[in-house]
Amino acid sequence: MDLDALVSDAQARIAAATGSAALEQVRIDVLGRKAPLVLALRELGSLDPEERRARGADLNRARRSLEELVDRRARELAEAELEERLRSDRLDVTLPGIVPPRGYTHLIEGTRRDILDVFVGFGYRMVDGPEIDTVHYNFDALNHAPTHPSRQVTDTFYVCDDVVLRTHTSPVQIRTMEAGPPPVYMATAGRCYRRDTPDATHTAMFTQIEGLVVDRGITLGHLKGTLLGFARAIFGAEREVRLRPHFFPFTEPSVEVDVSCFNCARDGSPCRVCRGEGWVEILGAGMVDPNLYGYVDGYDPEEVSGFAFGMGVERVAGLRHDIPDIRLLWENDLRFMEQFG
Ligand code: DAH
């Protein structure tokens with residue numbers, strides 16, 4: 001065995017190993033149990049002592065130098081491999097990520113929240129009511145005469161003789177009073193249904209917000225002040241409200257409420273929104289008709305009085321954003337909706 005040739009061949013192979021795995025194979029070949037060098041070391045015992053010492057020293061020196069070489073190369077390769085992993089695995093956190101398209105509230109929902117926020121601010125309790133309700137809650141207990149026109153099947157969607165898709169959120173007034181004694185300061189919002197032919201101001205499904213207050217000594221003045229606060233929060237701090245006599249079966253007196261035109265100030269006249277009137281009709285309201293207290297327990301009209309109001313969310317949204325046709329709110333054309341995102 002030519003030791004020098006063996007060593008230089010091993011050195012070359014160690015230097016040429018390009019990865020840890022390849023180097024490990026070289027190590028097994030030159031320093032493993034079956035490597036010529038190792039076999040030669042094992043055979044030292046069969047030599048005579050003189051020769052054994054000299055040969056042993058040479059072989060051991062060769063082995064140690066090769067071991068050192070392998071170790072050094074192993075460290076080099078491990079370092080290079082780590083370097084390479086760090087380079088290729090690097091996550092550049094400064095790269096812009098993939099931004100998912102951001103959602104936003106639908107204008108009806110946004111308007112609903114804006115309005116309810118006002119009444120939450122006034123300390124009202126938020127209440128829910130069913131969209132499918134009985135004739136009792138939708139009409140009878142709200143003091144509708146048996147012949148009231150909105151009871152007709154041409155106006156109202158009947159599920160069966162005594163169950164309807166609610167035509168307004170006013171049934172929640174009765175349900176709220178049934179649920180507990182006065183005082184009541186509640187607001188509710190939700191979908192309502194009427195057999196209307198869709199046009200620029202009507203859809204068969206729409207959203208209402210209803211309020212009810214019942215307490216000792218509640219007057220029309222409280223109603224007006226409340227609605228003034230609402231109008232200013234939603235339509236601007238300069239707004240005024242005015243009440244016009246009207247009729248609703250469940251309030252007495254009943255009023256229609258106008259808010260001073262917020263568009264005239266914006267545009268100058270002649271104004272499209274109020275058609276030069278200076279006032280825009282915004283909601284229905286009134287003092288709770290004492291008859292209603294007869295449909296529930298624990299409300300003595302000699303003790304308490306109250307007011308109620310109801311408004312269309314689509315109408316408020318349409319007025320605020322100058323939307324010419326409320327059907328746009330239900331078509332969900334993104335080009336339209338995104339303007340309010
Ligand atoms: N429920 C009525 C409607 O749908 C609106 C309304 C008017 C609600 C007067 C009220 C009220 O609470 O007092 O047209």
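These are my notebook entries on the ligand site, one helix residue, helix α11, the aromatic rings and one loop threonine.

**Basis.** I worked on a predicted model, in which local features need pLDDT of at least 70 and side-chain atom pairs count only at pLDDT 80 or more, while totals for chains, interfaces and linings use all residues. Residues are numbered from 1 along each chain as its sequence is written, and side-chain values use heavy atoms, with hydrogens and water left out.

**Ligand.** I looked up the shell around the ligand, taking a residue as near if one of its heavy atoms lies within 4 Å. The ligand is surrounded by 15 residues, and the closest are His 168, Ser 170, Arg 194, Gln 208 and Glu 210. I then checked polar contacts (a pair of N or O atoms within 3.5 Å; within protein, one must be able to donate a hydrogen and the other to accept it, and residues adjacent in sequence count only if both atoms are side-chain atoms). For His 168, a side-chain N or O atom is 3.0 Å from a nitrogen atom of the ligand. For Ser 170, the corresponding distance to a ligand nitrogen is 2.9 Å. Glu 210 has a polar side-chain atom 2.6 Å from a ligand oxygen. On its own the ligand has 360 Å² of accessible area, of which the protein covers 90% (Shrake-Rupley method, 1.4 Å probe; for residues, only the protein chains shown count as cover).

I sorted the shell by class: five residues are nonpolar, eight polar and two charged. The classes are nonpolar for Ala, Val, Leu, Ile, Met, Phe, Trp, Tyr, Cys and Pro, charged for Asp, Glu, Lys and Arg, and polar for the others, Gly among them. Strands β6 (205-215), β9 (279-288) and β10 (305-312) each give the shell at least two residues. Helices (H or I, at least four residues) and strands (E, at least two) are DSSP runs, numbered from the N terminus.

**Ala 231.** I found Ala 231 in helix α8 (residues 220-235). Its relative accessibility is 2%, so Ala 231 counts as buried (under 20% relative accessible area; exposed is over 50%, partly exposed in between; 1.4 Å probe, protein chains only). Beyond its neighbours within four places in sequence, Ala 231 is in contact (heavy atoms within 4.5 Å) with Gly 236, Arg 239, Val 241 and Val 259. Ala 231 and Val 259 are 28 residues apart in sequence, with 6.8 Å between their C-alpha atoms.

**Helix α11.** In α11 (residues 313-321) I listed Val 313, Glu 314, Val 316, Ala 317, Gly 318 and Leu 319 as buried. Their cover includes α5 (107-121), β6, α8, β9, β10 and α12 (328-331). Asp 322 follows α11 and has a positive phi, near 60°.

**Aromatic rings.** I paired rings of Phe, Tyr and Trp (its six-membered ring) with centres within 6.5 Å; planes under 30 degrees apart are stacked, over 60 edge-to-face and the rest tilted. The count is 11 aromatic pairs. Phe 119 and Phe 122 have ring centres 5.6 Å apart and planes at 85°, so they are edge-to-face. Phe 119 has a relative accessible area of 0%, whereas Phe 122 is partly exposed at 38%. Phe 119 and Tyr 124 have centres 5.3 Å apart and planes at 50°, so this pair is tilted. One aromatic cluster holds Phe 119, Phe 122, Tyr 124, Tyr 185, Phe 230, Phe 307 and Phe 309.

**Thr 156.** I placed Thr 156 in the loop between α6 (135-138) and β3 (158-160). Thr 156 is buried at 1%. A polar atom of its side chain lies 2.6 Å from the backbone oxygen of Ser 150.
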